[in-house]
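Thank you for asking me to look through this structure with you. My comments follow as numbered points, which you may like to read with the picture open beside them.

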Amino acid sequence: MATVQLQGELGRAFKVNQPHAGAWSGQITMASGAELQVPLPQRYLTMSPEEIVIAIARAKERLGSRVVILGHHYQREEVIRWADFRGDSFKLCKDAAARPDAEYIIFCGVHFMAESADILSAPHQKVILPDLHAGCSMADMADIDQVEEAWDALQEVCAGQKIIPITYMNSAANLKAFVGRNGGAVCTSSNARKIMDWALTPVEQGGAGGEKLLFFPDQHLGRNTAVLEMGFSLDDCAVWNPFQDMGGQDAATLRRAPILLWKGHCSVHGTFMPIHVDNIRQRYPGIKVVVHPECTYEVVIKADAYGSTEQIKKIIEAGAPDDAFAVGTEINLVSRLAQENPDKTVVCLNPNVCVCSTMYRVDGPHVLWVLENLLEDRVVNQIVVPEPIAGQAKLALQRMLDIA
Ligand code: 13P
Ligand code: SF4
């Protein structure tokens with residue numbers, strides 16, 4: 001078995017114990033660690049869905065309290081059914097720390113979530129991501145070298161102004177570390193307002209004392225929160241494009257704007273358009289439109305409500321029988337909400353929306369594969385964030401947990 005310590009160029013840093021990785025052990029640098037997912041042994045590919053279910057149930061029972069399984073709401077049915085805890089990024093981040101007795105945390109979600117679980121869990125706990133291909137394209141849009149360059153340029157052009165960096169949970173550990181060592185905090189879609197408020201509150205009042213904030217990597221969550229919840233105007237928000245000189249902005253705009261937004265987005269939520277809201281309202285008069293704040297501002301202002309995946313779930317559960325909801329988020333969650341709320345009509349806002357392809361990488365066979373390896377005392381696909389990244393990222397995560 002090989003133990004490989006990896007530091008990815010995009011900030012993915014993890015250790016992989018793979019029975020099939022050969023005898024090599026060392027440090028390598030690459031754009032993404034995802035390529036290192038070994039193909040599953042043939043047996044897992046030929047088992048029927050029923051056999052997989054029976055085998056997972058058996059392995060889970062044998063491992064008992066040594067294992068805790070966390071499942072993000074976007075996971076497919078064949079995976080989420082095994083989760084001891086389900087939730088949005090914020091809830092799972094807290095749940096990861098709530099079972100210090102479990103030796104292994106199997107994170108059925110994406111890479112940045114498993115990294116955060118590793119940072120927040122106890123030293124004796126091992127975090128496992130069932131498929132290393134499960135990344136997040138939005139998190140990959142904020143490359144640490146581009147971030148450092150932008151930060152240096154902004155310090156110069158905005159000299160005398162205190163800038164607080166805030167990163168969405170959907171970011172690599174090295175970006176969280178950057179934010180931690182520069183006095184900022186992590187936020188999630190369920191607490192972005194509290195964290196952004198904190199960034200701009202004077203130090204004497206318990207805040208970070210920022211005159212402006214730089215928000216990574218999702219421009220939409222940053223803009224929706226600033227404009228719809230904090231009273232800023234669209235003109236107060238300037239977008240920093242990392243592929244253009246000075247972010248594509250002039251110095252006067254950068255000095256004037258209190259909200260600087262990194263030019264990143266989610267490709268799944270980017271498929272929702274204002275026209276979908278108009279069409280669905282026409283088709284189902286009285287329907288309530290609920291969307292995730294990763295949708296564009298133009299979509300969110302047309303919706304009746306917006307919130308994190310956990311908040312969307314709660315809004316629908318709290319609805320009256322016969323209420324109808326059009327939901328603007330990933331399709332696995334929308335389908336589950338429809339199934340779990342048979343007294344209501346729950347449809348997807350965009351009939352052509354696709355799954356989050358990286359979340360979808362995790363499936364029953366991969367879950368079984370990691371569990372059966374644990375039964376043999378082999379830890380495969382362990383995610384380890386090395387120091388000093390882990391300690392600095394923990395500062396930013398802990399600030400969020402203290403504020404939110
Ligand atoms: P939540 O924190 O709302 O679950 O969002 C995570 C995510 O990746 C949404 O695309
Ligand atoms: Fe990332 Fe979008 Fe998938 Fe969420 S839905 S994990 S933001 S790619």
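1. Where is the place of Met246? This model is predicted, and in it Met246 belongs to the loop between β11 (237–240) and α10 (251–256). I would ask you to look at the backbone there, since Met246 has a positive phi of about 50° although it is not a glycine.

2. A second backbone detail concerns a proline: the peptide bond that leads from Glu387 to Pro388 is cis, and its omega is near 5°. Pro388 is found in the loop between β17 (382–383) and α16 (389–403), and β17 will return in the next point as a member of a sheet.

3. Which strands make up the open sheet of five, and in what order? Reading across the sheet, the order is β5-β4-β6-β7-β17, and the pairing is mixed. The strands β5 (85–87) and β17 stand at the edges, where each has a single partner strand, so one side of each is left without a neighbour in the sheet. Further in, β4 (residues 67–72) and β6 (residues 104–108) run parallel and are joined by five bridges; if you wish to follow one pair by eye, take Leu70, whose bridge partner in β6 is Phe107.

4. There is also an open sheet of four strands, in which the order is β14-β13-β15-β16 and the pairing is parallel. Its edges are formed by β14 (305–306) and β16 (345–348), and because each of these has a single partner strand, one side of each is left without a neighbour in the sheet. Strand β13 (residues 288–291) pairs with strand β15 (residues 324–328) in the parallel sense over four bridges, and Val291 stands opposite Gly328 in β15.

5. Turning to the ligands, ligand 1 sits in the largest pocket, and the residues around ligand 1 include His72, Tyr74, Asp88, Ser89, Tyr168 and Ser189. The shell around ligand 1 divides into two nonpolar, eight polar and two charged residues.

6. Which side chains place a polar atom by an oxygen atom of ligand 1? Among them is His292, with a polar side-chain atom that lies 2.8 Å from an oxygen atom of ligand 1. For Glu294, an N or O atom of the side chain is 2.9 Å from an oxygen atom of ligand 1, and for Asn170 the corresponding distance, again from an N or O atom in the side chain to an oxygen atom of ligand 1, is 3.1 Å. Taken alone, ligand 1 exposes 300 Å², and the protein buries 95% of that.

7. Ligand 2 takes up space that is likewise the largest pocket, and the residues that surround ligand 2 are Tyr74, Cys136, Ser137, Met138, Asn170, Cys266, Glu294 and Cys356. The shell around ligand 2 is made of five nonpolar residues, two polar residues and one charged residue. When you compare the two surroundings, note that Tyr74, Asn170 and Glu294 are listed around ligand 1 and also around ligand 2.

Notes. Residues are numbered from 1 along each chain as its sequence is written. Chains are lettered from A and ligands numbered from 1 in the order in which they are written. This is a predicted model: local features need pLDDT of at least 70, side-chain atom pairs count only at pLDDT 80 or more; totals for chains, interfaces and linings use all residues. Side-chain values use heavy atoms; hydrogens and water are left out. A residue is near a molecule or strand if one of its heavy atoms lies within 4 Å of it. A polar contact is a pair of N or O atoms within 3.5 Å; within protein, one must be able to donate a hydrogen and the other to accept it, and residues adjacent in sequence count only if both atoms are side-chain atoms. Accessible areas come from the Shrake-Rupley method with a 1.4 Å probe; for residues, only the protein chains shown count as cover. On a 1 Å grid over the protein atoms alone, a cavity is a set of points where a 1.4 Å probe fits but cannot get out, and a pocket is an open set with protein on both sides within 12 Å along at least five of seven lines; lining residues have an atom within 4 Å of a point. A molecule sits in a cavity or pocket if more than half of its atoms lie within 2 Å of its grid points. Ala, Val, Leu, Ile, Met, Phe, Trp, Tyr, Cys and Pro count as nonpolar, Asp, Glu, Lys and Arg as charged, and the others, Gly among them, as polar. Two strands pair if DSSP finds at least two bridges between them. Helices (H or I, at least four residues) and strands (E, at least two) are DSSP runs, numbered from the N terminus.
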